[in-house]
Amino acid sequence: MKNKTVLPNVYLAVLMILMYVPIVLVIIFSFNENKLSVRWDGFSWRWYEALFADRAMFESLVNSLILGGSASLAAAVIGTLGAVGSSKVKLPGKDAVEYLSTLPMMIPEIILGMVFMVFFSLIGLPFGMMTLIIAHTAFCIPYVFMLVRARLVGMDKSLEEAALDLGASKIYAFFTVVLPLIAPAILSGMLLSFAMSFDDVIISMFVTGVDSNTLPLRVYSQIKTGVTPEINALCTLILLVTVLILALAAVLSRIGRGKKEPEQAAEIEAR
Amino acid sequence: MDAILELSDIHKSFGATKVLNGIDLVAERGEFITLLGSSGCGKTTTLRIISGLETPDSGRVILEGVDVTDAEPNKRGVHTVFQSYALFPHMNVESNIGYSLRLKGMKRAEIKAKVKEMLELVQLPGFEGRMPGELSGGQRQRVAIARSVVDSPRVLLLDEPLGALDLQLRRAMQVELKRLQKKLGITFIYITHDQEEALNMSDRIAVMRNGLFEQVGTPGDVYDRPKTAYVARFVGSANIIVRGGKTLAVRSEYLELEKDAAGYMPGVVKEKSFSGGMLRIAVETEAGELVASRHGIDSPLAPGDAVGVSWEPQNAVEVEPE
Amino acid sequence: MKPKRRFRSETLMLVPLYVFTLVFVLGPLVYMVILSFLQRAETWGVTNEFTVQNYAGILEPVYLNTFVESFKLATLSTLLIILLGYPFGYFMAKLSQKWKGRMMMLLMIPFWTSSLIRLYGWIIIFRANGILDKILMGLGITDAPLKLLYTYPAVVVGMIYALLPFMIFSVYSSAEKMDWSLVEAARDLGASRIRAFLTVTLKMTLPGLLSGVILTFVPSMGLFFIADILGGNKVVLVGSLIQDQLMKAHNWPFAAALSVILTLLTSLLIVLYRRLAGVKDLEGLV
């Protein structure tokens, strides 16, 4: 009888630990004195110092921040307006367009990157920050759109009607009632978008220009050419940012939608 | 008389479904009118057309002599108490009640005073800082009412406001709502599917069915003098008996059962049940199953007994057949 | 008058989404299909001549072989992911509500950690004389470094590691919705533990399992950078092929044709899934 209850939990624990091993190793070796990540030679900040002295790395960090910020903001505006509008208007072909807008979530990234690349050069858009922002916005919109739509579906429709009924104009009702209520969903959609954008390698690789290297692209090329503990340090920092963003998103969705929601957000995240 | 609200020949369809098929109603100032009907009869749609949340396909809505059929909901001075109360969950009680006052540009201090006054009126003094999530069902209901009457609307629409409350609280709120309405002098259009509630509170009742008013009248009219078989059954739970080409409505308390007698028609006792202090006896007759009710739980009759069914002629109302 | 005005004011909200979707989602996808039928120009770019040569080119043994290899790798990875992930999702669904939430959070962190960082961790583990070699030699299991980095098994591990969460989420979300009293009923009716699992549990969690298969199988054909980082140049996937054709060979029409085929395969799998599972949306996706 005892085996039955313990074994599954052991299995869950072991696999979970295995999932963390590579991440923990990266963190540990970022503090390693030795240049090669094979042997522990003592604690050191030197790789972090080297990292902060690296100008090119800093530039690509700035690029990534600009990119993530712009893409998640654009996705928030387009996705939120779309979700709110779609909850109210019935148009012919609406389902088809909405399905299309969520496609970038399901298409393999390699294909998305490739179609953007050929399309941008077809319409003559110069590769650089602009193309990066458009491509990232495209794959961020579905996250905001679906989270906001889910929130709207769960929202009592009579709340907005009550505001109109009490004398509010549509715009006033939107800003005082609807927007505050969907704000947590918008924010967690934005944070997820930012995390996705901040992590993206494949799509960026196809649409980037000469002077718009992003952080993941730099990490990628460095990993490919050779391993330096500087990368360990960088990865640790990125990891820290990711965990912070995730925690914030989880807290927000919990505030906004009660206890069950982190789960739902998780399901959407698991694209 | 002073008409405040007038509906004339309102029609409304959603797709192929006809919901309202020509509604006419005149409400007097300060009147308490109940729309009574089972779910899907069009009560809520009627209310939403008055508030402006729906637009009728045809017909007019007149408020104090002004045609508001095409006016936006925020331009009507008509407020609604929603079935779900629709309190704004991100605002505290004070902000909820003060919402319409802020819209009117009233000063903060004035709003504060007005909200305080309203909370005393609905017997929730000191609740300003609470969030809707921290209130019980009955308290939310009071806040919703306070929010809707704070800027003295011309008409207050109430969509089954007591539907979510338990029976005891319902009874208490019925009395309180009626008291409030008399005090404020605001015209109430009230929706319910509970005939007791309607009979208790209303000045007039409009019994609705299939998007039409079957009968509009005082509680006495619809209960004692039903015009149609549907009204008799729905409002008075009356037995409908077709006899000699006439359709008669006889309420269960007027139905007389006598063991082994002839009566107007013979019947056989089918079953007995007890609820609400009344014993209900179901009798199978040539006119279908009829129900008689008696005070107390004891009865000499038992299932299987042959009885004669009769009633005093003055207790049988002739109604239009269904 | 009024319905029309309402209709317009809220339709405006849809404009950005519609315009963006039509221009930057539908446009590129349509162009991909068109491009795949165009002739490649002598040096760089495309001509406007129609051809099916790009598709015929895929049938050349070199490229066909890449498809077959990708398919094999994807199948192997997916099978291993099922073996590891199904029990995980299943057991997780049986945990208490509190632990479910905790496990979810714990899963989220590696899942959202940059895939590069996680792959990088594996480099540290796999490299010659790295952690794994040290442990194995220390335990006396092997006496020389295995040098697993830049091998096929390393790529498989990388794939499993990157895609396992998708399987777990899918299985979990369908096992979570399951009515466990059905299993009890089956047991009560005399089914053995295994039989109850096969006839009830497996059947009920099939949509989740199948959706997990799609969510792992499809990306594993395209995740070229895993093969790149952990496999060196030894493992070439369809994804790598598309990237090479695009970036190195500059044969865009051919890359487009490869993408169309990959997209078709993906859609085919999704259609098949809907038939098998009888549902519209991917379990665990929305």
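Two residues are taken to be in contact if their C-beta atoms, placed from the backbone, lie within 7 Å. On that basis, in this predicted model, 70 residues of chain A are in contact with 75 residues of chain C. Helix H1 of chain A, running over residues 2-30, supplies the largest share of chain A's side here, with twelve residues. Sorted by class, this side of chain A, the one touching chain C, comes out at 56 nonpolar, six polar and eight charged residues.

Chain A also meets chain B: 14 residues of chain A are in contact with 14 residues of chain B. On chain A's side, the elements giving two or more residues are H7 and helix H8 (170-199) of chain A. Of these, H7(A) gives the most, with six residues. The class count for the side of chain A that touches chain B is eight nonpolar, three polar and three charged residues.

How sure is the predictor about chain A? Its mean pLDDT is 84, with 90% of the residues of chain A reaching 70 or more. Helix H7 of chain A (residues 158-165) turns up again here, as confidence in chain A is highest there, at 93. At the other end sits helix H12 of chain A (residues 261-269), where the mean is lowest, at 42. Across residues 258-271 of chain A the pLDDT is below 50, and this stretch has 30 contacts in the model beyond near neighbours in sequence.

As for chain B, the domain assignment splits out domain 1 (3-224) and domain 2 (238-318). The centres of these two domains of chain B, taken over C-alpha atoms, are 39 Å apart.

Definitions and conventions: Residues are numbered from 1 along each chain as its sequence is written. Chains are lettered from A and ligands numbered from 1 in the order in which they are written. This is a predicted model: local features need pLDDT of at least 70, side-chain atom pairs count only at pLDDT 80 or more; totals for chains, interfaces and linings use all residues. Domain bounds come from an automatic or database domain assignment. pLDDT is the predictor's confidence in each residue, from 0 to 100. Helices (H or I, at least four residues) and strands (E, at least two) are DSSP runs, numbered from the N terminus. Ala, Val, Leu, Ile, Met, Phe, Trp, Tyr, Cys and Pro count as nonpolar, Asp, Glu, Lys and Arg as charged, and the others, Gly among them, as polar.
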